[in-house]
Amino acid sequence: MKKLFIKASFLLIAISTVVGCKKELDEKFNNPEKVLDPSLNGLFTGMLNNDRVAAKYWNVRTFLTQMPGVYAQTSYIANGNTIYQQSDGYSQQYWDDFYSTGGNGSGVLAQYRTMEVKYQSLSAAEQANQKAIMQAAKVVLIEQAAKMVDLWGDIPYSAAGSLNLSSTISNPKYDEQKALYTSFIADLEALATYFNTNTTTSAFSKSDILLKGSMNMWARYANSLRLRLLMRISKTDEATARTAVLAMLANQATSPLIDGDNTAEYNPATSDVLLQTLTNSTSDLRDAFFEGSWYATDYALNTLMLPANDPRIPVIYDKFGRIVKINNRDVFVQNANYRAMPITFTTAQQESSFADYSVLDSATFLFNQKLPGILITSSEVNFLKAEAFERWGNTASAKTAYDKALRQSVTFYHYLNNLNQGGGYRNVTAPSASVVDAWVNSSTATYTGSSTAKLTLIYNQKWLHYGVLQSTEAWSEYRRTGFPLLTFPTAGKLSGFDTPPTRLIYPAKEKTLNSENYQAVVSKDTRKTKIFWMP
């Protein structure tokens, strides 16, 4: 497997893209980094414009495919001796990008604290006009903060950003992870109620580059995040999760969800929560994947998709192939079949035979300049509903939700593929209804067997749907459910790093600069400490 380096030309494109995107936002909204009195509109837009959400090189290359993607096997990487070792530098940057601006993220928490200060300075009338922005910003903060908990456990939260709030510099305490989740779930319920019972404003619509000021979509988003977090805790606090989830599912008029209105041929652009690219963005993920994570993953393709004749295969993978001499000419000969390199291959085997195995689809993933950031999709929500119904309701309702989730996943991946128009890339034609029906009704993916077998199908297919672009969620669900039943090679691995971790270690800078508060969590700071929702 040859390591490819970023070309100078790509760096120039990336730099010009970042500058162009910032210029576009600056022209529409006040930039909080350039003015002393930023507007809530501009701060909110900046909060949403998060490169840790968008499909951008740095996040995919240094984080998603290097840590959660490896630990959940949603990405492929060279099978070296440090494969399960956390990258301290890259995890430090992810941590920093949540707490502060100026990095590769939007500094979600810092932006929100600044918004709180600005909001408090407004008159009562102005606050009423701007409340929708603050409510939506809190949903955005909770989604990102929950990911931080899922990755590290206890995190500084309630006291973080004190300089913004009180003009006092103080090192923030760590909030206990279960208490944080409890507050997130309660806040999301209140936020969904707010969006369900109020109307939008022009200021909100203008600044909302995510959902265009739609109160209905924000209500659905808050409810769907709450469903995700409730199911996340359901293995360790089943009573709480069961009561709340069944109440939501029993009355979706007051608790609407991001579920594509339960229609298979839905429109992801309007039904899912996706951070669309700015109009002048020209970046793609070619180098992010070419640097080591381009290859199909073993369990996904070989174990789950091929035996089921999964209709998503052609839109997620390319067969790849080799250049061979034919009549003294170099000719690319495509592999006859789809198949992934075995996870047990050594680095030497990978380097010598990678061309004989499948890779990620070029049009869908590598060269797709319109690829959105994925926050939550209808397919995920229906998989969550299926699990809840199978565990606490009835299996018929579970099957309905599961079948819908499968069909919506096909629609979703074809939507991603078809965003890439022109440039010589051929979009994959959507499979016929009969092909999808056969997969859903009479394959190894079909919802049948014991309740345990059906739950296994739900967990496996949700993991498949997440894929490489939602590796963080895939890793969380793998740790929660124990599925898929993945194999992790251990031979020759660095001592102490022979298996994947169950959480990330706190970054070195955090331990040093916040050392007094770190002492309260130091006993938990091991790579094998469980996150509280893990059974």
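Is Asp-175 buried or exposed? Asp-175 is buried, with a relative accessible area of 10%. Keep in mind as you browse these views that the model is predicted.

**View 1. Asp-175 and Lys-173 share a salt bridge.** Let's begin with the pair from the opening question. The closest N and O atoms of Asp-175 and Lys-173 are 2.9 Å apart. The two partners sit in unlike surroundings: Asp-175 is buried at 10% relative accessible area, whereas Lys-173 is partly exposed at 41%. This bridge belongs to a set of 32 salt bridges in the structure.

**View 2. Tyr-174 lies in strand β2.** This strand covers residues 174–175, and Tyr-174 is buried, with a relative accessible area of 11%. Looking past the residues up to four places away in sequence, you will find that Tyr-174 touches Trp-95, Asp-154, Ile-155 and Pro-156, and also a group with higher numbers that includes Tyr-506, Glu-510 and Asn-514. Asn-517, Tyr-518 and Val-521 are among its contacts too. Trp-95 is a nice one to trace: Tyr-174 and Trp-95 are 79 residues apart in sequence, and their C-alpha atoms are 14 Å apart in space.

**View 3. Arg-220 meets Asp-259 in a salt bridge.** Here the N to O distance is 3.9 Å. Asp-259 lies in the loop between α12 and α13 (268–271), while Arg-220 belongs to helix α11 (residues 215–232), so the pair ties together parts that are 39 residues apart in sequence. Both ends of this bridge count as buried: Asp-259 has 3% relative accessibility, and Arg-220 has 17%.

**View 4. Arg-220 also forms a salt bridge with Asp-261.** Stay with Arg-220 and look for its other partner. The side chains of Asp-261 and Arg-220 meet with an N to O distance of 3.6 Å. Asp-261 is in the loop between α12 and α13 and Arg-220 is in helix α11, so this pair ties together parts that are 41 residues apart in sequence. Asp-261 is exposed, with a relative accessible area of 54%, whereas Arg-220 is buried at 17%.

**View 5. Helices α12 and α19 cross at roughly 115°.** Helix α12 spans residues 238–250, helix α19 spans residues 378–392, and their axes come within 11 Å. That angle makes α12 roughly perpendicular to α19, and the crossing is left-handed. On the α12 side, look for Glu-238, Ala-241, Arg-242, Val-245, Leu-246 and Leu-249. They meet Lys-385, Ala-388, Phe-389, Arg-391 and Trp-392 of α19. Sorted by class, the residues of this contact are seven nonpolar and four charged, with no polar ones.

**View 6. Helices α2 and α7 run roughly parallel to each other.** Helix α2 covers residues 40–48 and helix α7 covers residues 124–152. Their axes come within 10 Å and cross at roughly 20°; angles under 35 degrees count as roughly parallel, which is why the pair is described that way. The crossing of α2 and α7 is left-handed. From α2, the residues Leu-40, Asn-41, Phe-44, Met-47 and Leu-48 take part. Their partners in α7 are Gln-130, Ile-133, Met-134, Ala-136, Ala-137, Val-140 and Leu-141. By class, this contact has 10 nonpolar residues, two polar residues and no charged ones.

Terms used
Residues are numbered from 1 along each chain as its sequence is written. This is a predicted model: local features need pLDDT of at least 70, side-chain atom pairs count only at pLDDT 80 or more; totals for chains, interfaces and linings use all residues. Side-chain values use heavy atoms; hydrogens and water are left out. Axes are lines fitted to C-alpha atoms, for helices over the stretch in contact, and angles run from 0 to 180 degrees between N-to-C directions. Helices (H or I, at least four residues) and strands (E, at least two) are DSSP runs, numbered from the N terminus. Angles under 35 degrees count as roughly parallel, over 145 as roughly antiparallel, 65 to 115 as roughly perpendicular and the rest as oblique. A crossing is left-handed if the near helix is turned anticlockwise from the far one by less than a right angle, and right-handed if clockwise. Contact means heavy atoms within 4.5 Å. Ala, Val, Leu, Ile, Met, Phe, Trp, Tyr, Cys and Pro count as nonpolar, Asp, Glu, Lys and Arg as charged, and the others, Gly among them, as polar. A salt bridge is a side-chain nitrogen of Lys or Arg within 4 Å of a carboxyl oxygen of Asp or Glu. Buried means under 20% relative accessible area, exposed over 50%, partly exposed in between (1.4 Å probe, protein chains only).
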